[in-house]
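Visitor: I'm new to this, so could you walk me through how the helices pack here?
Guide: Sure, take a look and ask away.

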Amino acid sequence: MNRIPPLVLATFALVIAYAIGGVIAVATDIATVGEVFANGTKTSAPIFMLVIEPLAALAYWRGYKAGAVVLAVLTGLATVAFAFDGDFNNPALGPGHVAWQLLEGGLALAVFSLAVTALIRTRRRPAAAAGA
């Protein structure tokens, strides 16, 4: 039985968090449904990330390192945006929103770290048989 790699699990957790963040944004009137799908919100990512990230994770799981490259790029950009775009701890947000932002930021950083690790890790080849 194949184990699910931590990178794949973390990616799906991040995508689910982004989707829930979109619901939170609409339910608490910080964004409209259109904004959630078009641009993302202060508590969610744009819809294209919810499509591309799981596809990249599945590609990685099937053995394509390109999936890890895509995840590293997208979550690296998401982490930089989280830190510098002004959405984090925005005055219009309540403490629950900020807590959700921290969760998403932490998950994005975890996926980024796992993707970079997957890219720099080399597989060990079995040692040659002694005396062969």
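Visitor: How do the axes of helix 1 and helix 4 cross: parallel, perpendicular or oblique?
Guide: Keep in mind that this is a predicted model. The axes of helix 1 and helix 4 come within 12 Å and cross at roughly 40°. Angles under 35 degrees count as roughly parallel, and roughly perpendicular runs from 65 to 115. Helix 1 and helix 4 are therefore oblique.

Visitor: Which residues of helix 4 does helix 1 meet?
Guide: From helix 1, the residues taking part are Leu 7, Thr 11, Leu 14 and Tyr 18. Their partners in helix 4 are Ala 68, Leu 71, Thr 75 and Ala 78.

Visitor: And how many residues of that contact are nonpolar?
Guide: The contact of helix 1 with helix 4 has two polar residues and no charged ones. The nonpolar ones number six.

Visitor: What about helix 1 and helix 5: roughly parallel or roughly antiparallel?
Guide: Helix 1 covers residues 6-27 and helix 5 covers residues 95-120. Their axes come within 9 Å and cross at roughly 155°. Angles over 145 count as roughly antiparallel. So helix 1 and helix 5 are roughly antiparallel.

Visitor: How many residues of the contact between helix 1 and helix 5 are charged?
Guide: Helix 1 brings residues including Pro 6, Ala 10 and Ile 24, while helix 5 brings His 97, Trp 100 and Glu 104, among others. The contact divides into 16 nonpolar and three polar residues. Glu counts as charged, and the charged total is one.

Visitor: Is the crossing of helix 3 and helix 4 left-handed or right-handed?
Guide: The axes of helix 3 and helix 4 come within 7 Å and cross at roughly 145°. Among the residues making the contact are Phe 48 and Tyr 60 of helix 3, and Gly 67 and Ala 78 of helix 4. As for the hand, helix 3 passes helix 4 in a crossing that is left-handed.

Visitor: Now the empty space! Which helices give two or more residues to the lining of the second largest pocket?
Guide: The second largest pocket has a volume of about 370 Å³. It's lined by 22 residues, and Thr 41, Ser 44, Ala 78, Ala 81 and Asp 85 lie nearest its centre. The elements giving two or more residues to the lining are helix 3 (47-61), helix 4 (65-84) and helix 5.

Visitor: How many residues of that lining are charged?
Guide: The lining of the second largest pocket has 11 nonpolar and seven polar residues. Asp counts as charged, and the charged residues in the lining number four.

Technical notes: Residues numbered from 1 in each chain as written. Predicted model: local features only at pLDDT ≥ 70, side-chain atom pairs only at ≥ 80, totals over all residues. Heavy atoms only, no water. Axes fitted to C-alpha atoms, helices over the stretch in contact; angles between N-to-C directions. Helix = DSSP H or I, 4+ residues; strand = E, 2+ residues; numbered from the N terminus. Contact = heavy atoms within 4.5 Å. 1 Å grid on protein atoms, 1.4 Å probe; cavity = no way out; pocket = protein on both sides within 12 Å on 5 of 7 lines; lining within 4 Å. Points joined across faces, edges and corners; volume = space filled by probe spheres on them. Left-handed = near helix turned anticlockwise from the far one by under 90°.
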